[in-house]
Amino acid sequence: MPSFRLSAIALALLLSGGAHADQPAAPKPATEFTQSLNQSWLTRLPFANQADFEHARRGLIEPFDGVIRNAEGKPVWDRTAYNFLDGNQAPASVNPSLWRIGQLNNIAGLFQVRERIYQVRGLDLSNMTIIEGDSGLILIDPLISTETARAGLESYYRHRPRKPVLAVIYSHSHVDHFGGVRGVIDEADVKAGRVRVIAPEGFYEHAVSENVLAGPAMMRRAQYMYGSLLPRGERGQVDAGLGKSTPVNATVTLIAPTQLIAKPLERHSLDGVEIEFQLTPGTEAPAEMNLYFPQFKTLCMAENATHTQHNVLTLRGALVRDAKVWAHYLDEALVRYGDQAEVLFAQHHWPTWGGAEIREYLADQRDMYAFLDSQTLRLINQGLGPTEIAAQLTSLPPRLAGKWYSRDYYGSLSHNVRAVYQRYMGFYDGNPANLDPLPPEAAGKRYVEAMGGAEAVLASAREAFAAGEYRWAAQLLNHLVFAEPANQAVRQLQADTLEQLGYQSENATWRNIYLSGAQELRQGVTRTGGRNGAPDLVRALTPSMFFDYLAVRIDAMKAAGEDLRINWRFSDLGEDYALTVRNGVLTYRKGMRHPEAEVDLSMTKALLDRIALKETGFLKEATLGGIEFESGRISLLKLLGGLDEANPQFNLVEP
């Protein structure tokens with residue numbers, strides 16, 4: 001049976017099961033070049049302005065500086081791992097701007113935003129917002145894990161009346177905004193109508209399906225992006241830009257919405273609290289919405305406006321977002337709420353207070369995403385390719401570049417303009433030489449040969465490293481690593497090179513990626529153990545999602561000569577699917593059956609879920625009768641037995 005559960009919840013698996021490397025190789029110190037470059041940042045940005053630290057501490061009721069554990073006593077969230085940031089100046093191995101956001105994200109606990117509005121911050125990658133209704137509570141985004149969400153709500157209850165949770169609102173379809181829901185509400189109360197669960201239209205489909213087809217690859221790349229296997233410290237992982245990091249050993253859950261927001265603007269009253277919902281599809285998430293609370297004059301921007309430049313294309317991989325649409329919805333929020341709102345908060349970072357400050361903040365965020373879109377297109381139409389555009393657009397306009405909330409902590413100007421290029425133009429830059437390039441291993445061998453052999457390339461790379469030309473050294477050494485992956489001198493120098501690039505990076509995700517690559521060159525790929533995943537998300541997979549993922553597991557050339565027609569019925573859903581395997585490709589039609597089929601079977605969707613969760617097996621159920629066959633049992637088992645297995649820890653920095 002294919003382990004499609006891994007792909008459906010790729011990011012959730014990373015968050016719930018990641019582990020730090022047990023014996024990381026000792027990192028090297030920052031070189032003089034890196035120290036000098038990092039020191040120069042202190043004169044480039046307004047470090048004397050401490051307003052963000054005041055805002056991040058404003059309203060603090062109960063600080064959090066401890067450890068949250070799961071039912072087995074394993075740590076899920078460890079704030080103490082980041083104590084090295086507290087009260088210290090940036091070391092030579094960390095960009096001072098990144099150190100600054102790392103310190104801000106270290107300010108954790110329960111905060112009052114304004115009367116009847118509270119936030120739990122720094123107990124997870126995201127924030128949980130608590131709104132006090134007339135008789136109960138409304139929660140926005142219950143974090144990633146049940147453990148952190150439950151701890152956050154208990155922190156609130158230590159200081160406020162223990163009113164019941166009457167509604168949960170998912171602001172958008174990313175796992176860090178819904179995964180902890182069972183830590184704060186019981187599904188029985190939802191089914192009984194005592195608790196409402198509200199989400200934007202399309203939430204459930206996108207929450208489950210975003211990582212289905214390319215899930216294993218996304219999960220692997222996310223390890224680099226979040227630095228989940230790096231040690232925490234001055235020469236390791238210090239932050240993730242949006243927050244500290246992601247939980248480990250965590251329980252990720254999902255309860256389906258009972259109410260969807262489908263119109264561009266909708267007003268609803270929840271327990272005496274008026275809320276206007278502004279749908280913003282296609283911005284930071286495919287299903288997302290902002291919320292305005294008119295009686296509190298407070299605006300929630302979900303994840304559409306945070307204290308960082310966000311990703312147009314996340315480095316773990318995803319569909320490219322639309323910077324133009326993003327700017328449009330920010331402007332719509334500015335026009336509709338800018339003259340009313342007195343407080344603005346988001347589901348990451350800290351709030352913004354004051355009407356003038358809010359209007360400037362929204363206008364700046366709008367201009368930032370509009371800049372990414374329009375200026376990339378301007379240079380596309382001048383004939384520049386993605387790398388050339390990234391080299392030319394090295395800074396936002398001065399007024400934007402000087403704002404801390406426009407800095408490259410999570411997204412970056414460099415990779416965002418390349419993402420905009422990809423959205424409009426695709427992978428090809430128009431140069432025929434790049435139309436059909438050699439793959440990295442073959443290219444590496446040819447480059448090394450053309451440059452006079454491995455020793456000559458290594459000598460050139462050492463010269464570049466000694467001169468502080470780390471980007472060039474990394475490109476040279478990358479060819480040599482792919483040509484001679486067993487060459488330890490090459491691996492070590494490339495690790496040293498990537499490490500210095502990481503130390504210099506203002507962007508948390510870039511730092512994590514560079515340092516993860518350095519770590520793996522030194523000690524190899526960490527072989528992580530199997531993880532049980534998130535049962536709620538497995539059960540939420542539709543049969544169509546399952547068949548889509550089944551299709552990408554078939555090696556077409558091996559199966560090309562064996563045609564197969566399959567009638568597959570889910571008896572508990574009353575749904576039929578007609579599957580066709582032809583030319584090595586699987587396609588399906590919902591609600592139909594083949595008049596004649598080589599395979600005819602019936603099973604429950606509930607049993608498929610149990611197989612996906614490894615509570616039983618396909619062969620076992622086919623043998624014992626859990627799966628009923630009219631015909632073709634052997635043919636189907638042969639098909640499933642020949643499926644490709646995803647490699648969850650494939651190489652990234654070597655062949």
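**Exercise 1. Helix 11 and helix 14**

In this predicted model, find how the axes of helix 11 and helix 14 cross, and which residues make the contact.

*Solution.* Begin with the two elements themselves: helix 11 covers residues 355-380 and helix 14 covers residues 413-425, and their axes come within 9 Å and cross at roughly 65°. Next, take the handedness of this crossing, which is right-handed. Then look at the side of helix 11, where the contact is made by Phe371, Leu372, Asp373, Thr376, Leu377 and Ile380, while helix 14 contributes Leu413, Asn416, Val417, Val420, Tyr421, Tyr424 and Met425. Finally, sort the residues of this contact by class, which gives 10 nonpolar, two polar and one charged.

**Exercise 2. Helix 18 and its two partners**

Determine why helix 18 counts as roughly antiparallel to helix 19 and why helix 16 counts as roughly parallel to helix 18, and list the residues that meet in each pair.

*Solution.* Step one concerns helix 18 (residues 488-504) and helix 19 (residues 508-523), which pack at an angle of about 160° with their axes 8 Å apart. Because angles over 145 degrees count as roughly antiparallel, helix 18 is roughly antiparallel to helix 19. The crossing of these two helices is left-handed.

Step two is the contact between them, in which helix 18 supplies Arg491, Gln492, Gln494, Ala495, Asp496, Leu498, Glu499, Leu501, Gly502 and Tyr503, and helix 19 meets them with Arg511, Tyr514, Leu515, Gly517, Ala518, Glu520, Leu521 and Arg522. By class, the residues of this contact are eight nonpolar, four polar and six charged.

Step three turns to helix 16 (residues 454-466), which packs with helix 18 at an angle of about 25°, their axes lying 11 Å apart. Because angles under 35 degrees count as roughly parallel, helix 16 is roughly parallel to helix 18. Helix 16 also passes helix 18 in a left-handed crossing.

Step four lists the residues of this second pair: Leu458, Ala461, Arg462 and Phe465 in helix 16 meet Ala489, Val490, Leu493, Asp496, Thr497 and Gln500 in helix 18. These residues divide into six nonpolar, two polar and two charged. Comparing the two lists, Asp496 of helix 18 appears in the contact with helix 19 and again in the contact with helix 16.

**Exercise 3. The second largest pocket**

Describe the space in the second largest pocket, and identify the element that gives the most residues to its lining.

*Solution.* First, the volume of the second largest pocket is about 510 Å³. Second, 23 residues line this pocket, and those closest to its centre are His206, Ser209, Glu210, Pro286 and Leu319. Third, the elements that give two or more residues to the lining are helix 8 (203-209) and helix 21 (543-552), and helix 8 gives the most, with three residues. Last, the lining comprises 10 nonpolar, six polar and seven charged residues.

**Exercise 4. The second largest cavity**

State how many cavities of 30 Å³ or more the structure holds, and characterise the lining of the second largest cavity.

*Solution.* The count comes first: the structure holds five cavities of 30 Å³ or more. The second largest cavity has a volume of about 120 Å³, and of the 14 residues that line this cavity, Asn105, Ile107, Arg121, Gly122 and His349 are the closest to its centre. Sorting the lining by class completes the solution, with six nonpolar, five polar and three charged residues.

Conventions: Residues numbered from 1 in each chain as written. Predicted model: local features only at pLDDT ≥ 70, side-chain atom pairs only at ≥ 80, totals over all residues. Heavy atoms only, no water. 1 Å grid on protein atoms, 1.4 Å probe; cavity = no way out; pocket = protein on both sides within 12 Å on 5 of 7 lines; lining within 4 Å. Points joined across faces, edges and corners; volume = space filled by probe spheres on them. Helix = DSSP H or I, 4+ residues; strand = E, 2+ residues; numbered from the N terminus. Nonpolar A, V, L, I, M, F, W, Y, C, P; charged D, E, K, R; others polar. Axes fitted to C-alpha atoms, helices over the stretch in contact; angles between N-to-C directions. Parallel < 35°, antiparallel > 145°, perpendicular 65-115°, else oblique. Left-handed = near helix turned anticlockwise from the far one by under 90°. Contact = heavy atoms within 4.5 Å.
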